[in-house]
Amino acid sequence: MTEATESIQLRRREQWLERFAHYRERLTRQDWNPLVEGVLRRVVGLTIEAVGCRAPVGSHCRVETADGGFIDAEVVGFSEDSVFLMPTGELAGLVPNARVIPTGKTSRVPVGDGLLGRVLDGTGRPLDGNGPLETSEEVSMTGRMINPLARQPIDEPLDVGIRSINSLLTVGRGQRMGLFAGSGVGKSVLLGMMTRFTEADVIVVGLIGERGREVNEFVQETLGEEGMRRAVVVATPADNPPLMRLQGAWLSTRIAEHFRDRGRKVLLLMDSLTRFAQAQREVALSIGEPPATKGYPPSVFAKLPQLVERAGNGDQGEGSITAFYTVLVEGDDQTDPVADSARAILDGHVVLSRAVAESGLYPAIDVEASVSRAMTAITDEAQQEQVKRFRQYYSLYRQNQDLISVGAYKRGSDPRLDEAVGYWPRIQEFLRQGMNERVSFEGSLAALKQLHSQPSEPKTGQQSVRREAESGARPQPRQAAKAYSGAAE
């Protein structure tokens with residue numbers, strides 16, 4: 001053997017020894033976590049089952065397709081040696097025994113002022129075609145928990161531009177409210193009004209599981225160019241996989257948290273909380289979690305407070321997140337499990353009534369069924385007394401509306417009801433507001449005070465019928481001749 005050959009073999013031996021020493025050092029390090037690939041075993045519905053894969057829950061994996069490409073999926077559970085994943089996109093192209101490669105990464109999202117004016121999907125990628133995001137910071141999707149004792153109290157009213165909400169259901173800055181409504185009662189219109197009229201530094205809108213055409217309508221018509229300058233829109237329409245719909249809700253909340261922690265006053269609008277719950281139900285049932293309440297697994301009712309509790313006032317600085325979550329009430333059933341759970345964890349709720357909407361009164365707010373739990377802490381005794389009187393007149397008239405409509409009630413039988421009938425036209429005018437009409441907080445309180453200052457007398461004869469028709473009531477045939485028995489006196 002020549003010296004040259006011996007020299008080459010010696011160098012190779014030294015190189016191998018260096019590599020082995022490097023590998024031995026990595027194996028002894030505590031922070032080294034090797035990525036173990038797996039193979040695809042089964043696809044059922046939207047659930048991907050892999051074996052031999054080592055990845056924690058919440059991390060991401062890449063699954064190879066037949067054409068050599070990859071789709072992204074997130075680990076949502078495991079059972080023995082099997083790992084369950086849910087895709088963030090389409091499943092087309094998957095084949096048996098495909099490679100499943102853990103990335104070792106969890107969801108991170110871009111944040112910063114560069115997001116203002118942009119429309120994003122559930123992963124933080126832009127949808128508006130205006131180029132890449134101009135942000136330099138990324139944060140974890142999970143955020144941080146705030147000590148409940150460290151939260152700043154709700155002690156300042158928020159002007160939302162809606163007369164009935166400002167005066168009768170006063171919302172505090174940092175409060176979390178629900179908009180409970182069925183389909184077709186003006187929920188989206190009311191949400192759009194609050195988006196344009198509310199005083200806030202930043203508006204974060206999460207369109208979760210809604211119709212795709214509503215995204216462009218909301219951006220172009222509801223927000224407009226002026227509103228988009230201070231807004232961030234996260235859109236995950238109904239045709240997105242359930243995991244993307246969930247991430248859209250978490251992303252909206254995380255972006256709002258970022259601006260709150262920097263002292264901004266944020267308005268978070270999420271449409272809707274029900275679609276978030278339904279997406280979590282799809283994920284949970286797909287991985288084998290048993291249903292509990294009306295088909296909803298227990299994890300749904302665990303995720304709802306985790307999402308909602310991240311909104312509100314912060315524990316430092318002047319920042320706050322005032323949140324409005326829409327809750328779809330199927331068949332106007334207020335005992336729906338999602339609606340019932342949301343009502344318990346939110347700081348108040350505004351109920352939109354189909355009966356009020358059918359009468360032509362918008363916004364169709366049911367004053368009797370709505371409440372703001374923070375109202376007593378941010379309003380004075382004079383306003384509270386006026387609201388109390390308003391509710392008494394409103395409730396008394398609604399309870400006896402059928403008797404009044406058919407002429408079965410005679411004036412003078414109940415002085416309080418006579419007074420409620422006198423107030424009713426003014427009550428209707430007070431609650432009615434155009435979709436492009438903004439009423440300030442001070443103007444709302446002044447209108448409420450003026451309503452109580454000069455009670456009107458009940459109209460008689462044809463004037464009563466005409467007034468009731470203008471206010472949205474549906475006169476019965478007998479009412480045309482005798483709408484209110486005082487007419488015959």
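Biologist: What makes R281 count as lying over the face of Y296?

Modeller: Bear in mind that this is a predicted model. In it, R281 is 4.3 Å from the ring centre of Y296 and lies over its face. The rule asks for CZ of Arg within 6 Å of the ring centre and within 35 degrees of the ring normal, so 4.3 Å satisfies the distance part. R19 gets the same label over the face of W16, at 5.4 Å from the ring centre, which is also within the 6 Å allowed.

Biologist: How many aromatic pairs does a search of the whole structure find?

Modeller: Eight. One of them is F390 with Y394, which is stacked.

Biologist: Why is the pair of F390 and Y394 called stacked?

Modeller: Two numbers settle it: 6.4 Å centre to centre and 15° between the planes. Centres must lie within 6.5 Å to pair, and planes under 30 degrees apart count as stacked, so this pair passes on both.

Biologist: Where do F390 and Y394 sit?

Modeller: Both are in helix α11 (residues 381–399), four residues apart, about one turn of the helix. An α-helix has 3.6 residues a turn, so residues three or four places apart point the same way.

Biologist: How do you know whether F390 and Y394 are buried or exposed?

Modeller: The line is drawn at under 20% relative accessible area for buried. F390 comes out at 0% and Y394 at 2%, so each is buried.

Biologist: And what makes Y397 and W424 a stacked pair?

Modeller: Their ring centres are 4.0 Å apart and the planes meet at 10°, so the pair is stacked. Y397 lies in helix α11 but W424 in helix α13 (residues 415–431), so this pair ties together parts that are 27 residues apart in sequence. Y397 and W424 are both buried. Zoom out and ring pairs link F390, Y394, Y397, W424 and F430 into a cluster.

Biologist: On to the strands. What makes six strands a barrel here?

Modeller: They close, in the order β1-β2-β5-β4-β3-β6, with antiparallel pairing. Neighbouring strands of this sheet are turned by 45° against each other on average, direction ignored.

Biologist: How do you know that β1 and β6 pair?

Modeller: Pairing needs at least two bridges. β1 (residues 38–44) and β6 (residues 99–106) have two, in the antiparallel sense, so they qualify. In one of the bridges, G38 has V100 in β6 as its partner.

Biologist: Why is β5 called largely enclosed?

Modeller: Six of its six residues are buried, so the rest of the structure largely encloses β5. S82, F84 and M86 point one way and V83, L85 and P87 the other, all buried. As for its partners, four bridges join β5 to β2 and six join it to β4, antiparallel in each case. V75 stands opposite L85, while E49 stands opposite F84.

Biologist: E49 is in strand β2, then. Why does E49 count as buried?

Modeller: Its relative accessibility is 15%, and the cut-off is under 20%, so E49 is in. Leaving aside neighbours within four places in sequence, E49 contacts V39, L40, R41, R42, S82, V83 and F84.

Biologist: What stands out about the phi of E80?

Modeller: Phi of E80 is positive, about 55°, although E80 is not a glycine. This residue is in the turn of the β4–β5 hairpin, which has two residues between the strands. At 78%, E80 clears the over 50% bar, so it counts as exposed. K294 also has a positive phi, near 50°, without being glycine. K294 is in the loop between α6 and α7 (298–308), and its 58% makes it exposed by the over 50% rule.

Biologist: Which residues does a cis peptide bond join with omega of about 10°?

Modeller: D271 and S272. S272 is in the loop between β15 (265–271) and α6 (273–286). Another cis bond joins Y362 and P363, with omega about -5°; P363 is in the loop between α9 (354–358) and β19 (371–372).

Methods
Residues numbered from 1 in each chain as written. Predicted model: local features only at pLDDT ≥ 70, side-chain atom pairs only at ≥ 80, totals over all residues. Heavy atoms only, no water. Phe/Tyr/Trp six-rings, centres within 6.5 Å; stacked < 30°, edge-to-face > 60°. Buried < 20%, exposed > 50% of the residue type's maximum accessible area, 1.4 Å probe, protein only. Contact = heavy atoms within 4.5 Å. Axes fitted to C-alpha atoms, helices over the stretch in contact; angles between N-to-C directions.
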